Amino acid sequence: MLDPHQLCDQLRSVLDRLTTRGFTLDVAYMESLEGRREAVQTRNEKLQAECNVRFKAIDPITAKSSDYALRMGHGERATDELAAGKVELDAIQAELTDFLLTIPNLPDGLVPVGRGQDDNVEVRRWGVPRQLDFEIKDSVFLGTLSGGLDLDAAYTLSGAHFSLLRGPIARLHRALAQFMIEMHTSLHGYEETYVPCIVQSSALQCTGLLPRLEEDLFRVMSNGTASGYLIPSGDVALVNLVAGKTLDAKQLPLKLLVNTPCFRNEAGRYGRDTRVTFRQYQVDEVALVNIVEPSASMSALEEMVACGERVLQGLELPYRIRVVCTGDLGFSALKSYDLDVWMPSMGRYRTVGSFSNAGDFLARRMLASCRTSATSQAKLVHTVSSSGMAVGILLKAILENHQEVDGRIRIPGVLKPMMGGVTV
């Protein structure tokens with residue numbers, strides 16, 4: 001969440017920056033809550049002082065005194081009023097916190113201003129899309145042709161917006177994840193992890209997904225009671241590994257990686273069209289998280305983008321990098337990049353991964369900090385993350401970009417060892 005002091009001391013600047021995101025802050029409501037909080041807090045402080053005076057005056061009075069009972073009665077009433085005031089203050093503070101949780105991060109000053117994804121600014125491209133001299137087949141046709149993609153079986157098992165892979169296509173899907181894991185751990189210094197696919201609501205609140213995206217999440221029920229949520233991305237679990245902790249600065253940067261299935265309920269909003277199959281309820285992703293000191297977060301973001309680029313270069317897939325404009329930024333991000341891969345059947349680029357710097361926005365929610373020594377003042381860490389390179393979209397990109405006229409798929413050289421040496 002935003003720094004409450006910044007909201008108070010730099011309100012005009014905050015409003016202007018939020019406006020570039022298309023977000024309107026309800027200042028009247030915020031000030032009303034703050035006014036109520038201050039009034040109740042002031043009243044409670046006066047009651048506390050009154051209680052202290054009353055009971056101090058009672059101390060020297062013995063039980064035989066004629067006004068002992070009267071004085072005790074006045075003191076107890078003041079104590080009851082104070083207890084009620086504390087309950088009221090807690091309720092107002094909870095309401096204020098809930099309101100603050102709905103405010104998105106402030107865009108970095110260098111982020112281009114824009115309304116949506118059409119205003120994202122291209123930074124660079126790599127590779128040249130193949131000029132195919134035969135009819136381009138899409139990934140669904142190519143996967144079905146080989147028998148490796150069975151959407152009918154997936155629908156029978158689970159309904160729309162799921163995929164079932166078999167044989168070489170399933171192996172290629174696994175090889176893609178393995179390739180990314182090996183690259184990021186051996187070359188880029190990330191530590192591989194294995195995390196639960198179910199998290200508590202607090203973990204989603206810490207990463208900015210609750211309360212605003214409740215309808216996009218799959219809730220897990222046990223004996224009729226909600227017991228958690230299926231993770232929408234692996235970075236939810238990774239970021240929360242530092243929640244409530246004060247790290248030694250020597251532990252930073254903390255670079256973590258995870259390969260998980262991810263579950264998102266948003267696919268249903270796009271109807272039953274499974275032809276393109278980009279919108280899925282279940283997808284596999286390789287997510288990256290880097291917990292860093294504040295001064296290192298922007299360089300860490302650029303480094304993480306470069307890691308994603310090396311993946312696509314190794315897979316021989318043309319791509320472009322775009323810096324995300326203010327109106328298209330994710331809720332928690334102050335700066336983001338989209339990594340878009342070329343999709344021949346669509347004749348355009350399609351986002352395969354996003355990389356974001358949240359600054360101290362998430363750390364403030366989850367109380368994660370670091371200090372350089374035992375006596376130094378703790379400061380909030382910064383979180384840089386990729387919600388994940390989508391394995392399924394990479395699979396589709398390979399099927400389409402490396403297709404041959406007869407429907408065979410050429411295997412990129414970096415994947416051959418994980419494919420048993422096969423070339424197609």
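Are F331 and F361 buried or exposed? In the predicted model, F331 is buried, and F361 is likewise buried. These two residues belong to the aromatic pairs of the structure, of which there are six. The rings of F331 and F361 meet edge-to-face, with a centre-to-centre distance of 5.8 Å and an angle of 70 degrees between the planes. Distant parts of the chain are linked by this pair: F331 is located in the loop between β9 (319-323) and β10 (335-343), whereas F361 belongs to helix α11 (residues 361-366), and the two residues are 30 residues apart.

An edge-to-face arrangement is also found for W342 and Y349, whose ring centres are separated by 5.1 Å and whose planes form an angle of 70 degrees. Both W342 and Y349 are buried. Elsewhere, ring pairs join F162, F218 and Y281 into a cluster. An aromatic ring is further involved in an arrangement with a lysine: K255 is positioned over the face of Y190, at 4.8 Å from the ring centre.

A further set of residues is marked in the sequence record. According to the unreviewed UniProt entry, the annotation "binding site" covers R264, N265 and E266. R264 lies in the loop that runs between β7 (254-263) and β8 (282-292), and E266 is placed in the loop between β7 and β8 as well.

The surroundings of R264 include two members of the aromatic cluster. Beyond residues up to four places away in sequence, R264 touches D216, F218, P232, S233, Q280, Y281, V283 and E285; of these, F218 and Y281 are linked with F162 through ring pairs. The side chain of R264 also reaches the backbone oxygen of P232, at 2.7 Å. With a relative accessible area of 22%, R264 is partly exposed, because buried residues are those under 20%.

For E266, the contacts outside the range of four places in sequence are with D216 and R279. D216 thus appears among the contacts of R264 and among those of E266. The relative accessibility of E266 is 23%, and this residue therefore counts as partly exposed. The two annotated residues R264 and E266 are accordingly partly exposed, whereas F331 and F361 are buried, as are W342 and Y349.

Conventions: Residues numbered from 1 in each chain as written. Predicted model: local features only at pLDDT ≥ 70, side-chain atom pairs only at ≥ 80, totals over all residues. Heavy atoms only, no water. UniProt positions renumbered as here; feature names shortened; annotations may be inferred. Helix = DSSP H or I, 4+ residues; strand = E, 2+ residues; numbered from the N terminus. Buried < 20%, exposed > 50% of the residue type's maximum accessible area, 1.4 Å probe, protein only. Contact = heavy atoms within 4.5 Å. Polar contact = N/O pair within 3.5 Å; in protein donor to acceptor, adjacent residues only side chain to side chain. Phe/Tyr/Trp six-rings, centres within 6.5 Å; stacked < 30°, edge-to-face > 60°. Lys NZ or Arg CZ within 6 Å of the ring centre and 35° of its normal.
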